[in-house]
Amino acid sequence: MNELAMVAGSGATVWVGYAEGLYVLRGDELSPVMAGGGRVDDPVTALWIDDDETVWVGTREGLYRYKDERLEPVDREGSVGDSYIRCL
């Protein structure tokens, strides 16, 4: 797997976006992020963490936010452009 995006979180947590989805590295363990009963498997192209420790996830299918073990799409109503998020 080749990483497409990476961002350091609090402590020793690193969030890594791959073409295969979103993963989290804690210590020596790399695990796929599970949300809503399934794996986050859209290609992740951009990552950012805000001051509240919300992980913002840009994909080829749109923008998501991950907080408290929940991944939610960000409403694009009224926005301009395509759904491919290239940077945050």
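The following paragraphs walk through a predicted model of a protein, from its overall make-up to a few individual residues.

The protein is built from strands: its secondary structure comes to zero helices and 10 strands. Read from the N terminus on, the elements therefore give the series β-β-β-β-β-β-β-β-β-β. Of the 88 residues in the protein, 39% are buried. Contacts along the chain can also be sorted by their reach in sequence. Among those between residues at least 6 apart, 30% join residues at least 24 apart.

A good place to begin is the start of the chain. Here an open sheet of four strands has the order β1-β2-β3-β4, and its pairing is antiparallel. Strands β1 and β4 (29-32) stand at the edges with a single partner strand each, so one side of each is left without a neighbour in the sheet. From one strand to the next, the twist of this sheet averages 25°. As general background, strands of a sheet pair through backbone hydrogen bonds, and the pairing may be parallel or antiparallel.

The pairings around β2 can be followed one by one. Strand β1 (residues 3-8) pairs with β2 in the antiparallel sense over five bridges, and within this pairing A5 stands opposite G17 in β2. The two strands form a hairpin with four residues between them, where G11 takes a positive phi near 65°. With strand β3 (residues 21-26), β2 is joined by six bridges, and these two strands also run antiparallel. Here V14 stands opposite L25 in β3. The hairpin of β2 and β3 has two residues between its strands. Strand β2 itself (residues 13-18) is mostly covered, as five of its six residues are buried.

Aromatic rings add another kind of contact to the picture. A search of the whole structure finds two aromatic pairs. In one of them, the rings of Y18 and Y23 have their centres 5.3 Å apart and their planes at 90°, so this pair counts as edge-to-face. Both residues, Y18 and Y23, are buried.

Further along the chain comes another sheet. This open sheet of four strands has the order β7-β8-β9-β10, with antiparallel pairing. Strands β7 and β10 stand at the edges; each has a single partner strand, so one side of each is left without a neighbour in the sheet. Ignoring direction, neighbouring strands of this sheet are turned by 25° against each other on average. Within the sheet, β9 and β10 pair in the antiparallel sense over four bridges, and the bridge partner of Y64 is P73 in β10.

One residue of this sheet is worth a closer look. T45 has its place in strand β7 (residues 44-49). Is T45 buried or exposed? Its relative accessibility is 13%, and because buried means under 20%, T45 counts as buried. Which residues does T45 touch? Leaving aside residues up to four places away in sequence, T45 touches L4, A5, G58, T59, R60, Y84, I85 and R86. Among these residues, A5 is the one described above as standing opposite G17 in β2. The side chain of T45 also reaches the backbone oxygen of I85, at 2.3 Å. Two other residues touched by T45, Y84 and R86, have an arrangement of their own: R86 lies over the face of Y84, at 4.1 Å from the ring centre.

The loops of this part of the chain hold some backbone angles to look out for. Most residues other than glycine have a negative phi. Against this background, E53 has a positive phi near 70°, although E53 is not a glycine. E53 sits in the loop between β7 and β8 (55-59). With 40% relative accessibility, E53 counts as partly exposed, because that class lies between the cut-offs of 20% and 50%. A positive value is also found at E69, another residue other than glycine, with phi near 65°. E69 lies in the loop between β9 (62-67) and β10 (70-73). Is E69 buried or exposed? E69 is exposed, because its relative accessible area of 57% is over 50%.

Terms used. Residues are numbered from 1 along each chain as its sequence is written. This is a predicted model: local features need pLDDT of at least 70, side-chain atom pairs count only at pLDDT 80 or more; totals for chains, interfaces and linings use all residues. Side-chain values use heavy atoms; hydrogens and water are left out. Buried means under 20% relative accessible area, exposed over 50%, partly exposed in between (1.4 Å probe, protein chains only). A polar contact is a pair of N or O atoms within 3.5 Å; within protein, one must be able to donate a hydrogen and the other to accept it, and residues adjacent in sequence count only if both atoms are side-chain atoms. Contact means heavy atoms within 4.5 Å. Two strands pair if DSSP finds at least two bridges between them. Rings of Phe, Tyr and Trp (its six-membered ring) pair if their centres lie within 6.5 Å; planes under 30 degrees apart count as stacked, over 60 as edge-to-face and the rest as tilted. A charge sits over a ring if NZ of Lys or CZ of Arg is within 6 Å of the ring centre and within 35 degrees of the ring normal. Axes are lines fitted to C-alpha atoms, for helices over the stretch in contact, and angles run from 0 to 180 degrees between N-to-C directions.
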